[in-house]
Amino acid sequence: MKKGILISLALLSSFNFIRIAFAQAEDSGFKAQVEQLKKTVGELEKKIDSLEQNQNAQEQKTEKIAQLEESVKELEDSAFVFDSQGIDMGGHIKLYMYDQSQGKRNEAKQRTNISAGVSGLYLYFRKEINDWLNMEVSPEIDVTAAATPTLGSNMSRATTGSTSASLHKAFFIARMDNSVEVKVGLFNPLFSEEYANETWWEEIYNKNYALAVLQSWHDSGIEIYKNIDFSQWSLPLYFYLLNGNSSYRGQFVDNNESKTVLLHIGPEFFQSRLRLLGSLGMGRWDNNDDYNAAQSAWGAECKLNNWQFSGEYLYRKWHERPLAVSGTQDAKRQGYYLKTIYNFSPKWRSIFIYSDVDLYYAANTQMLTDNYDNLTFALNYLIEEASVIIAEISFVDGARPDAGESINFYRLTLGWKTTF
């Protein structure tokens with residue numbers, strides 16, 4: 001603005017000077033030169049007007065920019081901003097491009113339609129509160145279409161998926177003195193390591209129903225972990241005080257005044273790359289603290305070059321479980337699995353799993369047994385370390401002899417699992 005005023009004053013001064021010169025020129029006979037000067041003055045006046053107009057427009061533009069900046073600042077101040085600093089966020093997504101089951105129920109041929117879709121989404125949020133305390137929350141969005149064949153029902157698939165949301169994990173981990181860790185909240189206790197650590201997630205798409213029921217343990221409580229190191233081996237120890245609701249996709253509430261105690265060990269021998277696994281649990285399952293529940297699991301894992309071998313035997317017993325109509329009887333679940341993994345290359349691997357599982361079935365007046373033999377072969381292609389395409393075929397032979405129920409089928413699936 002100041003610069004424009006100075007230019008204007010200079011031009012006006014020149015204009016006055018020229019007018020004086022013009023008056024003198026008429027008397028002295030320089031009229032032609034003065035006319036040229038008058039023309040120059042007219043051009044200068046036009047430039048002054050244009051300069052002033054541009055300067056006014058620039059000032060208006062600057063004022064509008066200032067107003068916009070103020071509006072943006074007000075919007076930012078009023079908006080909700082999620083501060084993700086220090087929070088580790090991610091998840092797992094599970095979808096399939098092809099899935100079908102074919103076989104027989106009680107010797108009658110049945111099958112499901114070919115389908116594709118999404119099976120589920122797991123999210124996780126981890127926060128380091130300070131140098132000794134962490135927090136993790138993991139919600140689950142599960143999509144089911146009743147497509148897994150089981151004893152006592154026909155092979156079928158729902159025309160629409162059923163979506164449910166639940167809390168998969170929610171706990172605090174505190175690192176204490178002497179390398180002791182304490183976990184408090186909702187989590188998977190280490191009854192079966194393969195299930196609790198979810199190592200099967202990137203290996204197979206459909207975990208065998210009966211084996212999942214036998215292995216699963218979701219619960220609330222306290223975990224105390226301590227690892228003891230020796231020169232040639234180490235001994236991780238896990239001790240639990242739990243609510244004891246250890247059913248498949250269990251109820252996460254306390255149902256009595258007693259706690260279930262669970263001990264898990266996993267000694268590892270460094271030179272042989274062998275790990276032994278053992279779990280033992282005791283508690284009461286009923287509301288009145290009258291009836292016992294006992295659980296145990298024993299297994300091993302060994303890695304040799306490109307090969308990995310593992311297996312577990314699991315046994316669970318509940319005293320005096322209610323029958324469907326009246327009365328009570330002891331109920332048992334037991335069985336084992338054997339798994340072999342071979343890594344062809346960093347991108348390709350094959351998985352072979354065989355399992356034989358007995359599950360109790362509470363009939364009207366007696367406790368029956370459902371037996372499932374399952375053989376699964378899967379081929380993995382790792383697009384990246386956290387993204388795997390799984391081609392899988394499972395053969396299932398199920399029987400409930402006392403009720404004349406049987407089911408025999410194979411299930412073919414092409415799926416994709418990714419961690420992000």
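**Exercise 1. In which strand is the place of Ala 294?**

Before solving, a word on the model. It is predicted, with local features needing pLDDT of at least 70 and side-chain atom pairs counting only at pLDDT 80 or more, while totals for chains, interfaces and linings use all residues. Residues are numbered from 1 along each chain as its sequence is written, and side-chain values use heavy atoms, with hydrogens and water left out.

*Solution.*
- Step 1: Ala 294 lies in strand 12; strands (E, at least two residues) and helices (H or I, at least four) are DSSP runs numbered from the N terminus.
- Step 2: Ala 294 counts as partly exposed because its relative accessibility is 24%; buried means under 20% relative accessible area, exposed over 50%, and partly exposed in between (1.4 Å probe, protein chains only).
- Step 3: Leaving aside neighbours within four places in sequence, Ala 294 is in contact (heavy atoms within 4.5 Å) with Gly 281, Met 282, Tyr 315, Arg 316 and Lys 317.

**Exercise 2. Find the strands that pair with strand 11.**

*Solution.*
- Step 1: Two strands pair if DSSP finds at least two bridges between them.
- Step 2: Strand 9 (residues 260–265) runs antiparallel to strand 11 (residues 274–284), joined by five bridges; here Leu 263 has Leu 280 as its bridge partner.
- Step 3: Strand 10 (residues 268–269) also pairs with strand 11 in the antiparallel sense, over two bridges, and Glu 268 is partnered by Arg 275.
- Step 4: Four residues lie between the strands of the hairpin of strand 10 and strand 11, where Arg 273 takes a positive phi near 55 degrees.
- Step 5: Strand 12 (residues 292–304) is antiparallel to strand 11 and joined to it by eleven bridges; Ser 279 stands opposite Ala 297.

**Exercise 3. Explore the largest nonpolar core.**

*Solution.*
- Step 1: Such a core is a set of buried Ala, Val, Leu, Ile, Met, Phe, Trp, Tyr and Cys residues joined through side-chain atoms within 4.5 Å.
- Step 2: The largest has 27 residues, and among those touching the most other members are Phe 191, Tyr 240 and Leu 262.
- Step 3: Elements giving two or more residues include strand 5 (162–175) and helix 4 (209–215); helix 4 gives the most, with four residues.
- Step 4: Beyond its neighbours within four places in sequence, Leu 262 has contacts including Trp 217, Phe 239 and Leu 280.

**Exercise 4. Is Lys 169 buried or exposed?**

*Solution.*
- Step 1: Lys 169 sits in strand 5.
- Step 2: Lys 169 is buried.

Key
Lys, Arg positive; Asp, Glu negative; His and termini not counted. Salt bridge = Lys/Arg side-chain N within 4 Å of Asp/Glu carboxyl O.
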